[in-house]
Structures are given as C-alpha cells and as structure tokens.
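Here are a few exercises to work through with the model open in your viewer. Try each one yourself before you read the solution.

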Amino acid sequence: MRYIRPLSIEDAVGELAKAVGPAAILAGGSDLLVRMKGGFIEPELIVDIKAIGGLADISETADGFRIGAAVPCAVLGEHKALKQAWPGVVEAANLIGSKQVQGRCTITGNLCNASPAADSVPALVAAGAKAVVAGPSGKRTIAVESVPTAPGRTSLAKGEIIEAILLDKRPVHAGDAYLRFIPRTEMDIAVVSAGVNLTLDDHGAIKTARVALGAAAPTVLLVKEAGQVLIGSKLDEATLERLAKICAGACRPIDDKRGTIEFRRKVAGVLAQRAAAIAYKRAGGK
Amino acid sequence: MAGVAVSTTINGDAVEYLCQPDETLLEVLRDRLGLTGAKEGCGTGDCGACSVIVDGRLVCSCLVLGAEAEGRKVETIEGMAHGDQLHPLQQKFIEHAALQCGICTPGFLIAAKDLLEKNPSPTEEEIRFGLAGNLCRCTGYDKIVRAVQDAAAVMKGA
Amino acid sequence: MNFDPRFTGRKFSSVGTRPLRPDGIDKVTGRARYGADFNMAGQLVGRVLRSPHAHAVIKSIDTSKAEKLAGVKAVITAKDLPDLTDGDAAMYDILDNSMARTKALYDGHAVAAVAAIDARIARQALKLIEVDYEVLPHVTDVDEAMNHHAPLINDAIFTEGLEEKPVKASNVTKRTQFGHGDVHKGFAQADFIVERSFKTEQTHQGYIEPHACVASVNPDGTADLWVCTQGHFVYRQHCAQLLGLEASKLRVTSSEIGGGFGGKTHVWAEPVALALSRKAGRPVKLVMTRDEVFRASGPTSATSIDVKIGATKDGTITAAEATLRYSCGPYPGSWAEIGAMTAFACYNLENVKTVGFEVLVNRPKTAAYRAPSAPMAAFAVESAVDELAHELGMNAVDFRIKNAAQEGTRASYGPVYGPIGIGPTLEAVKNHPHMKAPLKANQGRGMACGFWFNFGGQTCVDLNIGMDGSVSLAVGTVDVGGSRASLSLVAAEELGIDYSQLKAIVADTSSLGYNDMTDGSRGTFSSSMATISAARNAIKILRDRAAQMWDIPVDDVVWEKGHAIAKGEKYGNLSALSLKDIAAKSGTTGGPIAGHSELVADGAGVSFATHICDIEVDPETGATRVIRYTVVQDAGKAVHPTYVEGQYQGGAAQGIGWALNEEYIYGKDGRLQNAGFLDYRIPVCSDLPMIDTQILEIPNPNHPYGVRGVGETSIVPPLAAIANAVSNAVGVRMTHIPMSPPRILAALDAEREG
C-alpha cells in the first residue's frame, strides 16, 4: 500500500491511471476510511488530492461557483455568497454527519461514494450542478446526476477524478431547499430526502423547477414530472397534493434497516412539499 | 507496505513519526505516541470519542490518516490544560458532574472547545446540535450542556 | 460481624453534599486509563474470528496457513480452551460463548483467535483461517422460536418448570410463575378489562468503551489481567476456572470503565486473551471493535408480552395477569423470570399471576442491561394500566395512587414490603408543575411507574490511615458512576473528617477480599455499608491509641467529629486528639491504623420511580421529539445528590433511546444489519431536552444511612411513559417498541384508514 499526495491534477490522474491494484482517492476520507476499516476496500494506492492547487478552494466565476473537490462541507457553510445563492445545496452539505465529519467530508466525495442516500446529491441534482472530470484523455463537464450509476458505482473511468462541482449563477427570483427524514435529530443517514430548486417569474409564479429525491431508488432520482407540475403554480394546495403524489409514485424504494417502502413513498411526498414551500419562500414567493 | 515519514505539530510540540499508509491518526496518537486521551468508541466517525482539532477544524481522528497530519497542527485533550491550570471547560465538567464513566469526556471537551471558539455565546440548542457528534451514554447530556453553558459564561467574563 | 446496619436517622455533615469527584482531573485531562489504554512490554495484538452464520455446525477449522504467517505468534480455537467446567452448565455456556465448540450459535460467535505482532498481521491471519461450516436453519424472533416447527437451537434442552415433564426438546428453556390470589375470580369481579399484546425489540447497553483487556500468563501459572469490567473479582473466578488457573494467582485489575450498564458483567474476550497469551508466551491486548461489541457481547432480551388487567368502576384493580416471553440468546437464562417478578411490583393486588418463558434464539447471549428485564414488563403493564384508567374515565395518576403498593403490601413476586417509595413518587408527580403545564397541538403527555429490586451481596473494604492523617479507602466495587466520591463522603461522615482528607481507589483482586460486581444498583449501597463498618473498626483502634496516649481506659474515650475525647470530668484538662494527632503517633502506639470490613450486605431496599414526559409527534412523518422529561425517584438517602441525579438522567436517556429508536435489526439470513452507532441509534445531544429530577428520600431501614440503590430504576418507566405520551399525542395505542417513525406512521395510517 502506498500513500501519495500529488501537487497537480495531472500527477494524480497519472498515478491513478497507472495503478495496478485498487486505488482510492482521498479528500475528506469520511467514507473511504470507514470502508477501509470495515475491510470492504483494501487499496494498493491512496491518492490524497488535498494538496492539489485549486482543489481546496471555492471560487466565484462569471458563470457561478466552482467548488473544488477537496473543499470540506463546513467551508461551504462559511461561504456567505454561496450560502446566499444556493442555501439548499449548502444546508444539504451541512447535514452530512457530525461537526467532526463536516470538517472533512466533501460534496464531491458524497457524490462519488454513490450512495442513494447521500445528502448533498439530491440538492445538487435539483440545482442542476455539473461536475468537472479530469482524466487521462483530458477534461469533461457532466451533469452530477450522471455520476452515480448504482449504489457504490459511478460512471467515472479508471484514472478519472472529479476536480470541481459547478453551480450556476442565480437569477433574481430563485430559491432551493433540501430536507431529509432521519429518526434522530442528527448523525443519521437519510431515510428519504427531497431537494427542490425553483425560479419564479415577476408575479411569483414558478418558472422553472427541479425536484430530486434521495434514498428513494438505487440512485438519486430527478423527478421531471414533479418539476413540471410546479411550473406555473404558486404552490397552491392542489399543486402540492399533486407534487406529493407524483413523488410518492416516482419512488422505487426498498425495505431496509432505515425504513420501509411505504414509509419512504409517503414521506418522500411530504418532504417534497415542505422543501418546495421553503424554496418558494426563498425565491421570494408569497 | 511502505512507511510514511510525518513531521507535524501536536499540542504545540514538533513531532515526527513513521506510520503505515492506512494507519489512522487515532492509531498514531494512541499506539505510537502514547497519547491515549483520544478514545476509540467506534472507529467509524459515529461517536466523537476520538475528536481532535487539526488546523482549527474539529475532526474524528479515526477518520484521518496519520500520513495526512504532515505539516499540520494537531490539538488533543492532552494539550487542553495549561500546566496545572485546567481549561474552564475541564473545570466546569468536573464541577457539574458532566461525566460519569468519562470515556466520552475528552472528545466532548475538544468538541466543546471548538464550539465555543467559533461561537462564544451559544444557545442551548446550538450547544446540543454542536455536540451531536459526540455520544455519551451515561449522563443524558443534561449536565454536559450545563457545564458548557457555564464555561461559556466564565470564558466571556475572562 | 458485629456491625449494626439499622437506619438510625442521624444528622449528616458530609453525606448529602456535592464535592468534586476524586477521579475528575484524570478524566478531563485524558490521563484516566481505560481498558484499551494499558500496554505491557512485548505485548501482542489479539483478534477474534467470528461466525458469519446465525446457526452452523463447525465441521473443521484449519489454522495452518494463519500459523505460518510471519508475525503470528498464536492461533487458538476451542481446543485451546478445554472444558474444565466439571458439569457446571452455566460455566460451560460461558466457555462455549467465549469460543464456539461444536456449533456457531449466532452471527458473531467467536470460532478462533490469533495473536500477532500488530493489528494488520492479525487481521491478515484471520483471513487465512479456514472454517468449514454446515449451515443450519436459524431462528431470531422470540415468538417464532416458540413455534413447534422452529429450528431447535439445543436438542438437549427440555422446558423446565412444566407440570408434566416434556418429551420433546424445545427452545423454551424454562417456565416460571409468580403471583397470589385467584385471577379468574378477580376478572369476574371487574367492570372493565384491558387485554393487549406487546413487543419490544432487542437493545444494547451501548457503552461507549468497547470491551478491552490485556492478558499476561506466565509459565509458572501466575497471570495478570487488566480489563474494563463491572466486576473484576467475578472475572477472576470465571477466567481462573475456564483456564485452569488458581484464582489467587490471577491478579485482575479493573481499569477505568467506559460504561457498562450490565454489559460488562460477563466474560467474552478475556478467557480468549488469556488463552492466546498462554499459547504465545507473551502479553496479549484484545480490544473489540464496535461491530464486535454489537454482534458478540450481551444485549438485552427481545420480548413478547400479553397483559390483562381488570378493575371495578371505582378504580380498584381486581386482577392482573401477564405472560412474558424473553429471548435469552442461544443459552438458557432467567430473564423472563425477572420480568415476571417485576411486572406488577408497583401495585397492591389481590389477584395476580405472571408467567415467564425463557426462549432460545440465534442471537448473542443476553446479558444484564440496567434493571434487566424490568423495562419491558413495565412497558406492557404500564401501557395497559394507562388504557384501563382511560376506559374507567379516571386520571392515570389517581388510578395508580389508588392501587399503589405500600408498606405491608404483599408484592406480586412474594415478599411483604417495608417502607417504599411508589406512593410518594406518585404523589410528587401528581403535584409536579410538569403535570399541569399546557400542551400544544400534536403533543402528548405520558407517565409511568417502575420498580427494581436492588442487590446487596459480598463486599470487602479496606480503610488505611496514613501517619499524616490522610485516609485511603480501597473498595472492590468498580466505580461506574462516581461511587469513589460517594464512598469517600461516607467514610468522611463516619470518621468525622473532611472529604478532602480522603482518597478512594478501586483495588485489584490481589489487594482486597472478594467483592461481587457493580450490578443490581449495589455499588454504593453495599460498599457504603462496608465502608461504614471499616470506619467504625478504625475508630475502635483510634480510640484505643488515644487511650494509650493519655494512659486512660479505652472505655473512657469517645469519638466525636473526628476527634478522640476523654469522657468525664476527671479528664477536664485533656484536650481532644484529632485523627491526625493520633495518626502521627501511630508508629509508637502499635503501628499502622486501619479498618477492615468483610460483609454480606443484606437488606437492599427496593426502589420505585415515576416518570413524566411530553412528546411531540409529526403526524405526516411519524417523527417524535421529546419536549420535556421529569424523573421522580426514591433514593433512600442521596449520598452525593449530583451523582444520584446523573443516574436518574442517564437511565431516562437510555430508556428514551430504547422507546423511540434503538433496536437490533436482523436480516432474513440471521445476520445483524446494524452493528454500529450509525444505525443502532442511541440518543444524541440534540435529541433530548434537559431531564428534570426530583430525589425523594424514604430511608431504607436496613442501611445505617438509609441508602437504597439508585442506578437502575430510572430505565424502567421511560418505555411506558413515552408509549403513553405518544399514544396520547396521536390517539393510537402503541404496542411495539421502539416506536420508530415508520411504526408510528403505519399505526397512524391504519387508524386513518379505519
């Protein structure tokens, strides 16, 4: 086993590409170390990406925000402009684990761990976030929802690293929100969750909407019909009812130690309603 | 398996050690450096008993590799008191009986120190959510929260 | 023993105050040494290989590859722990549980172990051990295990306690029955009858410190064991017997203990560590991972309980009956028996009958968990009592007051009560402002009572007075919650000196006579009795030495407020001698001054508590929130009130976790699915409100200071109190613990769908 701390993304990609045995990327380590401890993964190579220039920063660009792959979630919560523009994404990121985990975990790691219950992912999917992928054959930018393909599996090829997550600049009447259900008040993995991202027209009617559900299917679900049903509305009772129904219907959950199929269906709808209401308010809707 | 040579700072002292690539900072502290104040309650970041502060960030040392401490500043429970002068949190934990068995105490103290450094006047709710990453099975948290409230008051007055 | 343990009603100067604990600084600075904080020269790392199957015959184990791995110093299987139990069935079960002999009986059952120079090699070595299993059908549910078609866990077990001797083996190991009167007659007199079935899931004590020990066996048959335990003397007996060592040559030192709650009353890894050390010829440190703690230590029983209670219109209970089925893991236990004894202990009943069934399942061997077996029985009974009060149209507290046991009541489990606290706790609850506070929408209030026996048992204490007048107190009951502070207070009280002059320690097994464990809420009760006795013995010597110093008859010397006083006008010019004065001269007046005590602490006073809680339920998700919680409990006499409060609060918090979210979840494959703190959800700080406490002091007549055990009772009422609160909030009777959000939402939906 080797531990390396490359200084450039090219070096990191090169090392990963030529690795013979299993290799792991280390940013926050809050998933990787748990899997190593449990004996689920025994990497031959650990590539610590935190020393790579730019990966530990959040930058504001003309198009929006670029969040480096090694930025701990706690730093997202301390970034005023990001928090103001994407409160749903930030609150989702700040729900992962404890304060201790917050100081380490990253949204990129959360995405690449490919858990259907990942907290930040439904919010990122709802936000239409993109991932910048660096690999042996150059860079590409993809929608975050195309990263996880199944629980624990991603579409990334050997040698590829996500170096940053991109979030768009916000128009005036825009808001997002993320809610999850957990049995305790902290420290749990989401039993089911919902992220909602809205923009409104000047009259307060919903112009665009994206709704994503977590822990409701093998990967985070982007529920297009749920977004559709919101468009044009001001979140009246009937629309919210339809939203809940569509979300419950879109779920393909399982029974497991964290919840039942019935519970997840029902609560997915409840959370989508509540998250939509928060997002709507944040967007300036009344 | 190739050992990793690490130069770091622990509680203000320069420390060097050689560790395995998959060895956690907690293992290094406890088994290589004899700093057994940080405890392993779970090894998976769920209990907070191994809490330490690395470069000003509260972390679970079981979820940090020893190799990652290179060039960092690590603060552990062993560095919390200044000589024979207990930190106000340490003093208040004793006064309020905020510990019974005491196994979670080092982690709580480190987490509470981090909390009060970032938020010197936390509400009860902020204390409770701020310390939610630290499990205590003895006290029901009541006396821990009170000790932190009291310590915060003392530290503000100081 | 010429020690008089009767309560005298004295006035206290130290007892009842709240000094700082003697182990405080060590614990806040990280210096206190727990199980895993100790090391020995040449120490190896021990690790255990565990069965992945719930039930399987071990056909063979090939350890040859592991033995050949460089750095491996010993590999052991059951062969290295030969059966020395000599027909002692309970010890054989402990042995088999430490290392499976012919069958793996649960997911996590130890089958082999290694000692290696480091953890990585030890882990690798485990992977090289080849175990050939023949997987058998398994059963993990308590009700299913009682079914005639269920897989048999032990075909040599026939149910004990049946009228007719059974001809077929069974998973039910024992039937027990308690009660008096005629329940049929009583139910015939009732105007209202409530009859319900309840289930509770298995929970774990959840101590934050995993089991850990360092074992060192020497070729000459002497050995040392450093271990986190609630009872190092008991560990010594068990380990010595299982390893074939002489008890006095095995010195067991109890480390600081990072929580136990009953879970550290049983050996698992310790005999394995000793066997590894014996084989390797080097010390071995064995620390369980959290996963191992959940899979392979001793959680509490899962239960299935039927309750039937009847009352007349005026609110008098005419009959009460319960059938209690408790899982024991794969070895016989007496857990349902305890449940059957405690179930109706709060009430004065003319006709009562309880029947307990001990049930084998393919789960870890059940161990004690704080007032073991009582919380589940209380959940069922107190839920039914609440429902019955509701049907009668009576206030739930008044109904309980009307039927509460009191001095002279014959308990449902047999004895006649002396002075007890159930009535006073109920009256205190009735008058508590919490009961009158307004509730908001979706909030419900519940209350419930609980009982626990409390134990006494064998106790030994040494009290030594230094020449400088400072006093060391060596006790043999492990300090799990501040007992060193409490016992120092007791010694200070008796000697008449200041608390700061004392230092209490927990002595190892070679330094003190035998002590039973810190269990059954006995630590402070029994060791305080022995401490008082030891102090009185020391005072005799102090008086004698003072008499020598004055050259007067010892009968003329009395001990008052820490001083020897010459009694009588003729000694008018003799000024009192302090303990310090006498100690300073001890070298010339007869040598060291000490007081010893060895006794069996009889007369533990039974304990009662009543709890109130407010719960808010989100009707759309089934989420619950504890809004307010109040504990009222009788302490007899609170020696150190702060630590008594701590016991009340801690027990309540554990009960809250049990009631709402904690449970062992097994898959269809019989494997535990949530062996970690992530999905075994103990309450976190933000889950709980402040927990208010009210200490009542109804003296135990059988203790000089009136002390009762206080450690356990506080976990008995919460399950029921919370179930009653949730049921009151949502209008549906909750009968399955934990009341996790999916269970609450399902119950609500079932109700809404009518």
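This is a predicted model, so treat each exercise as reading a prediction.

**Exercise 1.** Which domains does the assignment give for chain B, and how many residues of each touch the other?

*Solution.* Start with the bounds: the domain assignment splits out domain 1 (4–77) and domain 2 (88–157) of chain B. Next, take the centres over C-alpha atoms; 22 Å separate the two. Now count contacts: 13 residues of domain 1 of chain B meet 11 residues of domain 2 of chain B. On the domain 1 side, strand E3 (residues 51–54) of chain B supplies the largest share, three residues. Sort that side by class and you get eight nonpolar, four polar and one charged.

**Exercise 2.** Which element of chain C gives the most to the side that touches chain B?

*Solution.* First, the totals: 44 residues of chain C are in contact with 43 residues of chain B. Then look for elements that give two or more residues to the chain C side; these are helix H1 (24–29) and helix H19 (641–660) of chain C. H19(C) comes out on top, with eight residues. To finish, split the chain C side by class: 21 nonpolar, 16 polar and seven charged residues.

**Exercise 3.** How do the axes of helices H7 and H8 of chain C cross, and which residues make the contact?

*Solution.* Find H7 (residues 232–243) and H8 (residues 269–280) of chain C; their axes come within 10 Å and cross at roughly 50°. That angle makes H7(C) oblique to H8(C). As for handedness, the crossing is right-handed. H7(C) brings Tyr235(C), Cys239(C), Leu242(C) and Leu243(C), while H8(C) brings Glu270(C), Pro271(C), Leu274(C) and Ala275(C). By class, that's seven nonpolar, no polar and one charged.

**Exercise 4.** What is the strand order in the six-stranded open sheet of chain C, and which strands stand at the edges?

*Solution.* Walk across the sheet and you read E7-E15-E14-E13-E8-E27 (chain C), with mixed pairing. Strands E7 (172–180) and E27 (736–737) of chain C each have a single partner strand, so they stand at the edges with one side lacking a neighbour in the sheet. Zoom in on E7(C): eight bridges join it to strand E15 (residues 352–359) of chain C, and the two run antiparallel. One bridge pairs Gly179(C) with Lys353(C) in E15(C).

Now add the helices. Helix H10 (residues 335–342) of chain C packs on the sheet and touches E7, E14 and E15 of chain C, its direction making about 165° with that of E15(C). Helix H11 (residues 374–392) of chain C lies across E8, E13, E14 and E27 of chain C, at about 150° to E8(C).

Terms used: Residues numbered from 1 in each chain as written. Chains lettered and ligands numbered in written order. Predicted model: local features only at pLDDT ≥ 70, side-chain atom pairs only at ≥ 80, totals over all residues. Axes fitted to C-alpha atoms, helices over the stretch in contact; angles between N-to-C directions. Helix = DSSP H or I, 4+ residues; strand = E, 2+ residues; numbered from the N terminus. Parallel < 35°, antiparallel > 145°, perpendicular 65-115°, else oblique. Left-handed = near helix turned anticlockwise from the far one by under 90°. Contact = placed C-beta atoms within 7 Å. Nonpolar A, V, L, I, M, F, W, Y, C, P; charged D, E, K, R; others polar. Domains from an automatic or database assignment. Pairing = 2+ DSSP bridges.
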